[in-house]
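Good morning, and thank you for joining. Please bring the sequence and the structure up on the screen, and I shall then take you through some of the elements.

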Amino acid sequence: MAGSAELALQDVSLRFGGVQAIRDINLTVPPGGITAIIGPNGAGKTSVLNVVSRFYRPQEGWVTYGNTNLLTLRPYQVIHHGIARSFQNVALFKELSVFDNLLVGADHLSKVTLVENIFRLPRSRTHERNARRRAERVLEFLDIGHLRNRVAGELSFGDQKLVDMGRALMADPTFLMLDEPAAGLQESQKVWLGRVIPGIPDEYGATVLLIDHDMGLVLGVSSNVIVMDHGAKIAEGPPDEVRNDPRVIAAYLGQEET
Amino acid sequence: MNILLPPGRRLERIGIALLIVVAVIFPKAYGGQDYLISQARLVMIYGLAAVTLNLLVGFGGQISLGHAGLLAIGAYTVPVLGNNYNWPTWALILAAGVTTALVGLVLGLPTGRLRGHYLAITTLGFGLAVPELALSTRVAPLTNGSEGLIVPTPTIGSFTFDSAGHPEAFYYLCLVVVLLCLLAILSLLGSSSGRRFMAVRDSEDAAAAMGINTWLTKVVLFTTSAFFTGIAGALLAFQDGVIAPTTFPFGLSLLFLAIVIMGGMASVWGSIAGALILIVVQVEASNQPGLSDAIIGAVVVLILLLAPDGLAGLARRLWRLAAGLGIPWSAGVGPRLRRQPAAEPPEAGERPPVEVRHGR
């Protein structure tokens with residue numbers, strides 16, 4: 001089942017008053033690989049993520065993941081269908097340690113009750129043990145073991161982005177949405193991240209939907225790229241094809257080069 | 001004990017051990033001084049009540065100005081059930097917790113959707129309403145109106161924990177009950193339930209994205225806090241011997257809030273230390289009639305000037321200082337002590353106006 005479902009947005013439109021954030025968009029993210037959404041500022045990339053994770057309700061359209069109609073879910077139910085996300089402007093639990101932030105990512109995987117937790121009954125202990133083991137693996141995977149006891153709110157923006165990504169990985173997702181994971185990272189870290197992200201589908205069995213401004217990273221790791229501009233999809237295809245698409249060059253790549 | 005405390009929190013462990021040792025030998029050291037023993041019991045009871053408020057305010061990020069109202073529910077449960085049905089003491093304490101938890105649940109269902117000022121006003125209304133309700137003619141047959149109720153003496157088997165006859169025995173009863181409650185609360189806070197409370201406090205959006213039903217989490221927190229507040233209320237009832245609406249003035253809610261802030265947000269032991277200081281100041285200030293409230297206020301202000309993040313924050317800073325000076329066994333300090341440069345904001349102009357919104 002891991003990473004075997006397809007995410008589909010059909011005729012989705014989202015408006016905030018007079019601002020059209022998403023314009024009648026149709027897109028599918030095939031299971032298994034890494035799909036990226038690129039586009040200039042204000043193109044509506046994060047809005048797509050916020051629609052999928054149910055923070056925004058589109059005025060029109062359908063959003064499905066496999067056979068699940070995501071629009072019937074509340075935000076906290078989305079992850080129970082295997083969809084996890086990181087945030088563009090990191091939303092860590094700032095007063096908690098990095099390790100505890102990661103543990104929260106795995107807490108939805110068990111149905112331990114409050115009373116079981118107070119008395120540390122077997123289910124509570126088992127969950128805690130499994131979550132800790134999983135957190136150790138994530139710390140190692142993202143090379144952030146040295147941050148484990150640090151308070152999340154005191155980390156640099158780049159480190160917070162990595163913890164944010166780690167917390168989403170903790171959720172055992174089949175579909176992982178990464179919103180600008182490379183923002184705030186140093187160049188050397190971006191190169192390193194370019195080697196880490198392609199490992200996610202194999203290591204964690206999750207399909208990845210990636211948004212980032214770093215074109216080198218995006219085009220280097222993705223098998224499929226969707227280009228958005230002014231809330232609409234203007235191109236889609238393999239990285240090499242997209243890179244040479246005149247509409248994309250005009251809307252995005254051209255801007256980057258000037 | 002290891003399971004209750006994250007590794008490296010040596011300061012907390014040493015503090016807890018010292019506190020328990022002092023609490024256990026206190027009646028031996030001050031045997032015969034009933035007034036002191038009675039004030040020490042009050043430290044424990046107020047301490048527990050402040051910890052339960054800290055659960056809401058410090059660990060849950062919710063504000064409550066009506067905590068004395070919940071305390072009153074727990075306290076009234078004891079004579080109402082004890083005098084009418086002759087329940088054993090342990091059952092009365094538990095029943096006080098359960099009754100207050102039920103009231104907390106009913107209160108939490110709507111307030112779980114409120115934030116900030118709205119929550120403050122709602123809880124304030126509750127705190128003011130409970131003593132008034134106890135006076136009303138409809139409830140007076142149960143609460144005996146303004147005259148209040150005489151609380152049964154706590155007993156276990158044939159032994160009576162008479163606060164006048166056996167002040168030390170009642171002291172140890174309080175100590176055991178309060179310690180059990182604190183252990184349960186610490187155990188809870190160190191588990192996935194505790195992480196949920198704090199996650200909702202720090203970021204509701206991220207908590208929701210991680211599968212946490214934020215409303216339900218707040219309701220559960222309110223109910224849990226109310227349960228332990230009810231137990232504190234039961235102990236207060238046994239301590240006072242008589243309870244009336246005047247036992248639970250609005251000022252008591254503010255007093256608990258002052259203890260929480262003075263002790264430090266999200267610090268269980270800070271709240272206990274806050275209660276200790278407040279009761280000591282109260283005892284000392286009682287020698288200055290007319291000035292006692294002003295003295296208490298001045299002490300709270302002074303402590304917050306010296307330690308803006310409360311006694312717990314002050315303790316952490318002193319510990320860091322000790323570690324910096326290379327004082328032995330101060331190494332292995334908690335994570336908060338190693339303060340790092342704060343997060344850099346994302347570059348200006350990089351974020352489109354539409355996409356920075358994460359609200360619903």
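Among the contacts in chain B that link residues at least 6 apart in sequence, 74% join residues at least 24 apart. I should say at once that this is a predicted model. Chain B has 360 residues, and 47% of them count as buried. Its secondary structure amounts to 14 helices and four strands.

Let me now turn to chain A, beginning with an open sheet. Four strands of chain A make up this sheet in the order β2-β1-β4-β5, and the pairing is antiparallel. The edges are formed by β2, residues 19-29, and β5, residues 68-69, each of which pairs on one side only. Helix α1 of chain A packs on this sheet, where it touches β1 (7-16), β2 and β4. The direction of α1(A) makes about 110° with that of β1(A).

What joins β4 of chain A to β5(A)? Strand β4, which spans residues 60-65, runs antiparallel to β5(A), and two bridges connect them. In β5(A), A:Asn69 is the bridge partner of A:Thr64.

The helix itself deserves a closer look. Is α1(A), residues 45-52, mostly covered or mostly uncovered? The helix is mostly covered, with eight of its eight residues buried. These buried residues are A:Lys45, A:Thr46, A:Ser47, A:Val48, A:Leu49, A:Asn50, A:Val51 and A:Val52. As a general reminder, an α-helix has 3.6 residues a turn, so residues three or four places apart point the same way. In α1(A), however, burial extends to eight of eight residues. Just after the helix, A:Arg54 adopts a positive phi of about 70°.

I come finally to strand β9 of chain A, residues 224-229. This strand is mostly covered as well, five of its six residues being buried. Which strands does β9(A) pair with, and in what sense? With β3 of chain A, residues 34-38, the pairing is parallel and extends over four bridges. One of the residues involved is A:Ala36, whose bridge partner in β9(A) is A:Val225. With β10 of chain A, residues 232-237, the pairing is antiparallel and extends over five bridges. Here A:Met228 has A:Lys233 of β10(A) as its bridge partner. Strands β9(A) and β10(A) form a hairpin with two residues between them, and in that hairpin A:His230 takes a positive phi near 50°.

To close, two elements of chain A may be kept in mind: α1(A), which packs on the open sheet, and β9(A), which pairs in the parallel sense with β3(A) and in the antiparallel sense with β10(A). Thank you for your attention.

Definitions and conventions
Residues numbered from 1 in each chain as written. Chains lettered and ligands numbered in written order. Predicted model: local features only at pLDDT ≥ 70, side-chain atom pairs only at ≥ 80, totals over all residues. Buried ≥ 20, exposed ≤ 12 C-beta atoms within 10 Å, placed from the backbone. Pairing = 2+ DSSP bridges. Contact = placed C-beta atoms within 7 Å. Axes fitted to C-alpha atoms, helices over the stretch in contact; angles between N-to-C directions.
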